[in-house]
Amino acid sequence: MQYRRVGKSGLQLSALSFGAWVTFGRQVGRAQAREMLALAHDRGVNFFDNAETYNNGVAEQVMGDVLADLRFPRDSYCVSSKVFFGAVDKPLPTQRGLSRKHVMEACQQALQRLRVDYLDLYFCHRPDPETPVEETVAAMDTLIRQGKVLYWGTSEWPAEAIHEAHRVARENHFYAPVVEQPQYNLLHRERVEQEYAPLYEAYGMGTTIWSPLGSGLLSGKYNDGVPADSRLAQPGYEWLRESVLGEGDERLRKVRALQPIADELGGSLAQLAIAWCLLNPHVSTVMLGASRSEQLAHNLGALELLPRLDAPVAQRIRQAIGGA
Ligand SMILES: NC(=O)c1ccc[n+]([C@@H]2O[C@H](COP(=O)([O-])OP(=O)(O)OC[C@H]3O[C@@H](n4cnc5c(N)ncnc54)[C@H](OP(=O)(O)O)[C@@H]3O)[C@@H](O)[C@H]2O)c1
């Protein structure tokens, strides 16, 4: 495993990490989650990502139970949660958003579900237009001073809102966000590569990037339709299916164009797509998702492919996806 500093912070995360969205508490029960977390930890993964909203808190319960059962030394891994969407269907106004009330209560609940004394990373899952940013930054600062959170970050905030959070932190001597959690993959690049570019320089922020496979699209599994046991066939995720496959054949065409490059390098398309994310020095960790252990083991093999992604290969990849 390789380890990367999260921006200019002192925290070092494994280049590949593992998240619970869709899977834990839904496709993946405790026994399988145990197998996957043990496999990941054994292979050097030191960061497990979660959120209050993942399966309405059940993903955190499953992860917490398994982490307790596995008894990894607490200083050998990092665990995160995220606040914003709430942990129940149809949350009340006090059960969602980034008000001081919800931020403080959601953190407490995440600690209980994850069965840990502190969160290594805590993310504001989206910006909240109904809460002054001063209130949210102050609440995160409080959590850090209470020792309940070690580092805080944003997820999918516009760059402008992140600048604002830093201004508030600077003026009030509050802890500032050190990390952003954006989507980043071969088919979704603009925010990480363009919009956030000034943030890395100005604040030394790192990124924990999500959906490196575009929910599986970049493994090639959707080239000939939607397999019944796949994420995009999950009931309740029709919106995701529409967002991943809804743009006609253009995205599938790009996925197919990448396949010969993976073949030539001697890896799979999934491994190529994951390794490509790591070419970006502003990516602190690529968060993997997996519905079974074999996928996770396979995807961790992306690190072996990484040295083969030299400049000419990177150029061919850019041509295949039609980007600069
Ligand atoms: N901050 C945010 O807003 C946000 C949003 C989304 C995710 N995240 C985090 O990022 C993590 C990773 O995102 P993601 O789960 O969307 O990652 P992803 O790698 O884009 O998708 C993972 C899914 O693709 C399929 N898959 C994985 N490896 C495969 C392989 N080798 N061959 C075929 N299919 C494969 C599996 O689904 P099936 O087998 O079911 O098809 C797996 O669950 C999440 O778990 C979560 O922690 C954060």
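Let me begin with helix 3, residues 100-114, whose 15 residues should span 21 Å at 1.5 Å a residue, and whose end C-alpha atoms are indeed 21 Å apart, which agrees. The expected span here is 1.5 Å times one less than the number of residues in the helix. Helices, meaning DSSP runs of H or I with at least four residues, and strands, meaning runs of E with at least two, are numbered from the N terminus.

Before going further, I should say that this is a predicted model, in which local features need a pLDDT of at least 70 and side-chain atom pairs count only at pLDDT 80 or more, while totals for chains, interfaces and linings use all residues. Residues are numbered from 1 along each chain as its sequence is written.

Staying with helix 3, the buried residues are His-102, Val-103, Ala-106, Cys-107, Ala-110, Arg-113 and Leu-114. Seen down the axis of helix 3, these buried residues fall within an arc of 130°, so they line one face of the helix; the arc is that of the directions from the helix axis to the C-beta atoms. By buried I mean that 20 or more other C-beta atoms lie within 10 Å of the residue's own, by exposed that 12 or fewer do, and by partly exposed anything in between, with C-beta atoms placed from the backbone. It may help to recall that an α-helix has 3.6 residues a turn, so residues three or four places apart point the same way.

What do the buried residues of helix 3 pack against? They pack against helix 2, strand 5 (78-83), strand 6 (119-124), helix 4 (133-145) and strand 7, where a contact requires two C-beta atoms, placed from the backbone, to lie within 7 Å. Helix 3 is followed by Arg-115, which has a positive phi near 60°.

Helix 1, residues 30-42, can be read in a similar manner: it has 13 residues and reaches 18 Å from its first C-alpha to its last, close to the 18 Å expected at 1.5 Å a residue. Its buried residues are Ala-33, Met-36, Leu-37 and Ala-40. Down the axis of helix 1 they fall within an arc of 95°, so they line one face of the helix, whereas the face turned away from that buried side carries the exposed residues Ala-31 and Asp-42. The partners of the buried residues of helix 1 are strand 3 (16-19), strand 4 (47-49), helix 2 (58-70) and helix 11. Just after helix 1, Gly-44 takes a positive phi of about 100°.

Let me turn to some single residues, starting with Asp-49, which has its place in strand 4. Is Asp-49 buried or exposed? It counts as buried, because it has 26 C-beta neighbours inside 10 Å. Leaving aside residues up to four places away in sequence, Asp-49 touches Ser-17, Gly-19, Ala-20, Ser-80, Thr-208 and Met-287.

Most residues other than glycine have a negative phi, and most peptide bonds are trans. Asn-55, however, has a positive phi of about 50° although it is not a glycine; Asn-55 is found in the loop between strand 4 and helix 2, and it is buried, with 20 other C-beta atoms within 10 Å. Glu-156 likewise is not a glycine and has a positive phi, of about 60°. It is found in the loop between strand 7 (149-154) and helix 5 (159-172), and with 17 C-beta neighbours inside 10 Å it counts as partly exposed.

In helix 5 we find Glu-160, which is exposed, with 9 other C-beta atoms within 10 Å. Glu-160 and Tyr-196 are 36 residues apart in sequence and 9.3 Å apart in space, C-alpha to C-alpha.

Finally, the ligand. Which residues come nearest to it? Of the 29 residues around the ligand, these are Gly-19, Trp-210, Leu-213, Gly-216 and Gly-289, and a residue is near a molecule if its C-beta atom, placed from the backbone, lies within 6 Å of it. Strand 10 (283-288) and helix 11 (293-300) each supply at least two residues of this shell, and helix 11 gives the most, with three. The shell divides into nine nonpolar, 16 polar and four charged residues, where Ala, Val, Leu, Ile, Met, Phe, Trp, Tyr, Cys and Pro count as nonpolar, Asp, Glu, Lys and Arg as charged, and the others, Gly among them, as polar.
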